[in-house]
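Reader: I am new to protein structures and would like to learn how to read one, feature by feature. Could we go through an example together?

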Amino acid sequence: MALSADERARCQRHLSLEEVGVAGQEKLKAARVLVIGAGGLGSPSALYLAASGIGTLGIVDCDRVEVSNLQRQVLFDSDDVARPKAAVARERLLALNPAIEVVAHDLELRASNVREVLDGYDVILDGTDRLATRHLVNDACVLLGKPLVSAAIHRFEGQVMTYVPGRGPCYRCLYADVPEGLVPNCADAGVLGVLPGVLGAVQATEAIKLVLGVGEPLVGRLMVYDALELRFHEFAFSRRKDCAVCGDRPTITEPRDPPQACDAATLARVRRLAPGELRSMLDAGPVLVIDVREPREFAVDHLPGAVNIPLGELRERLGEITAGAEPAFVCRSGARSLRACGLALEAGIADAVTLEGGMLAWSAAS
Amino acid sequence: MRVASPLRSYTGGVATVTADGATVSELLADLDRRHPGMRFRMIDEQDRIRPHIRLFVNTTAVESLGMPVRPGDTLHFICALSGG
């Protein structure tokens with residue numbers, strides 16, 4: 001795919017690199033890269049890929065821009081709040097490099113559409129904020145034979161690894177499975193705004209190397225970045241013969257939606273209390289209040305007499321809830337306590353309630 | 001031992017902690033005495049490493065809790081992250 005005069009001028013610094021040159025830049029122009037999640041990771045990776053002259057970029061995101069995104073999601077401006085991320089990303093990337101194609105996929109990836117969306121792309125970058133989607137994307141990449149660069153962030157820590165078909169382990173070889181709710185997301189745990197900038201740039205680097213066929217990708221190596229200590233750690237891991245998707249006897253032969261922690265019908269049955277209602281209950285007599293936040297959050301503030309069972313431990317510790325008790329689950333915003341209620345209901349604890357809005361609502365009402 | 005970010009709530013936010021033992025299993029037992037509840041977040045009732053946790057001695061993956069460790073080794077706890 002020949003370069004135009006404008007493209008030659010724009011990518012002159014690439015052309016000067018022996019490892020890229022005109023032939024390499026033409027490879028980049030012919031390449032199709034899909035960025036899943038236009039968030040903290042997808043913002044820098046998509047910007048660098050567009051600037052680098054990747055010919056076709058796909059952006060998957062079904063969310064709208066929120067003001068709290070702007071601390072790290074550098075694709076978006078203040079004026080973009082409430083606008084659809086995929087469409088805004090497309091505008092921004094085309095403004096940066098009008099010579100490329102940008103496809104906005106304003107949808108949520110599911111087993112039913114993941115093949116169709118990924119098909120036609122050469123390299124996949126995963127920067128979603130849901131573990132379930134990470135496994136779905138990994139499985140689809142293994143089944144379709146697509147290279148995948150997967151990254152994730154939490155507070156001051158980031159991780160990145162690359163899967164190349166036939167050359168090494170996949171994401172499921174690293175983390176076989178993760179029940180949703182076990183690992184806090186950025187909204188609950190917080191994240192340093194610049195952290196995804198580092199990891200997203202690594203993802204873009206890997207994608208460009210894979211397209212060019214130069215260097216050594218992060219295959220069979222997990223890179224962990226600790227921003228507080230400014231250290232990169234690297235860990236070797238291997239393909240697992242018993243991996244459910246890339247192992248010797250795979251049990252996953254089609255992309256599948258993950259089992260939900262609780263189904264929507266169960267969650268719909270949960271009794272949700274406003275702060276005033278919970279206060280009335282507490283005033284009326286002893287209530288078993290179970291705070292499902294992490295110990296660090298619990299230590300900062302909690303309701304009098306509350307017991308701390310982090311959501312990640314709840315399934316195994318439901319037996320600690322005495323028969324006949326009517327537990328009231330509490331967390332920061334109400335999201336984790338709702339899932340906790342669902343788990344309790346499924347375990348036959350019929351009278352579980354959740355504090356709607358969590359400790360944030362409780363504090364606001366006090 | 002180096003503690004993954006999501007598990008630092010058990011160590012008061014501290015990234016590096018010490019423990020005594022000749023195997024990974026012994027280190028985890030000592031760690032749990034110092035930071036109660038932490039082992040259970042990584043190891044299930046059947047003594048299996050949970051599927052969203054990986055342990056590494058220096059840079060080598062731990063496949064068995066009986067894996068020996070030597071003085072000065074670093075045991076890394078790595079946890080799947082969900083943020084993007």
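Author: What follows is a conversation about two chains, and the model shown is a predicted one.

Reader: Where should I begin with chain B, and how many helices and strands does its secondary structure come to?

Author: A good start is to list the elements and then their order along the chain. Chain B has two helices and three strands, and from the N terminus on these elements run α-α-β-β-β.

Reader: What does the radius of gyration of chain B say when it is set beside the globule rule?

Author: The radius of gyration of chain B is 12 Å, close to the 12 Å that the globule rule gives for 84 residues, so chain B is as compact as a globular protein of that length. Along the principal axes, its C-alpha atoms fill a box of roughly 35 × 25 × 25 Å. Buried residues make up 42% of the 84 residues in this chain, and, of the contacts in chain B with a separation of 6 or more, 47% are between residues 24 or more positions apart.

Reader: In what order do the strands of the open sheet in chain B lie?

Author: For a sheet, one reads the order of the strands, then their direction, then the edges. Here the order is β2-β1-β3 of chain B, with antiparallel pairing, and the edge strands are β2 (60–61) and β3 (75–79) of chain B, each of which pairs on one side only. Strand β1 (residues 53–57) of chain B is joined to β3(B) by five bridges, and the partner of B:I53 in β3(B) is B:C79.

Reader: Turning to chain A, which residues of helix α16 are buried?

Author: In α16 (residues 358–365) of chain A, the buried residues are A:G358, A:M359 and A:W362. They cover an arc of only 105° around the axis, which puts them on the same side of α16(A). The face turned away from that buried side carries the exposed residues A:S363 and A:A364.

Reader: What covers the buried residues of α16(A)?

Author: The cover includes α12 (275–284), β12 (328–330), α15 (335–346) and β13 (353–355) of chain A.

Reader: Which domains does the domain assignment give for chain A?

Author: The assignment gives domain 1 (31–236) and domain 2 (264–365), and the centres of these two domains of chain A, taken over C-alpha atoms, are separated by 34 Å.

Reader: How should I read a single residue such as A:M223, and why does A:M223 count as partly exposed?

Author: One can ask where the residue sits, how crowded its surroundings are, and what touches it. A:M223 is found in strand β7 of chain A, and A:M223 counts as partly exposed because it has 18 C-beta neighbours inside 10 Å, whereas a buried residue needs 20 or more. Leaving aside residues up to four places away in sequence, A:M223 touches A:Q159, A:V160, A:M161, A:L218, A:F232 and A:E234.

Reader: Finally, how many residues of chain A are in contact with chain B?

Author: The size of an interface is often given as the accessible area lost when the parts come together. Here we count residues instead: 40 residues of chain A are in contact with 24 residues of chain B. The elements giving two or more residues to this side of chain A are β5 (148–154), β6 (157–163), β7 (221–226), β8 (231–236), α13 (295–300) and α14 (311–317) of chain A. The largest share, four residues, comes from β8(A), and the residues of the side of chain A that touches chain B divide into 20 nonpolar, 10 polar and 10 charged.

Technical notes. Residues numbered from 1 in each chain as written. Chains lettered and ligands numbered in written order. Predicted model: local features only at pLDDT ≥ 70, side-chain atom pairs only at ≥ 80, totals over all residues. Buried ≥ 20, exposed ≤ 12 C-beta atoms within 10 Å, placed from the backbone. Arc of directions from axis to C-beta. Contact = placed C-beta atoms within 7 Å. Domains from an automatic or database assignment. Nonpolar A, V, L, I, M, F, W, Y, C, P; charged D, E, K, R; others polar. Pairing = 2+ DSSP bridges. Rg over C-alpha atoms; globule rule 2.2 N^0.38 Å.
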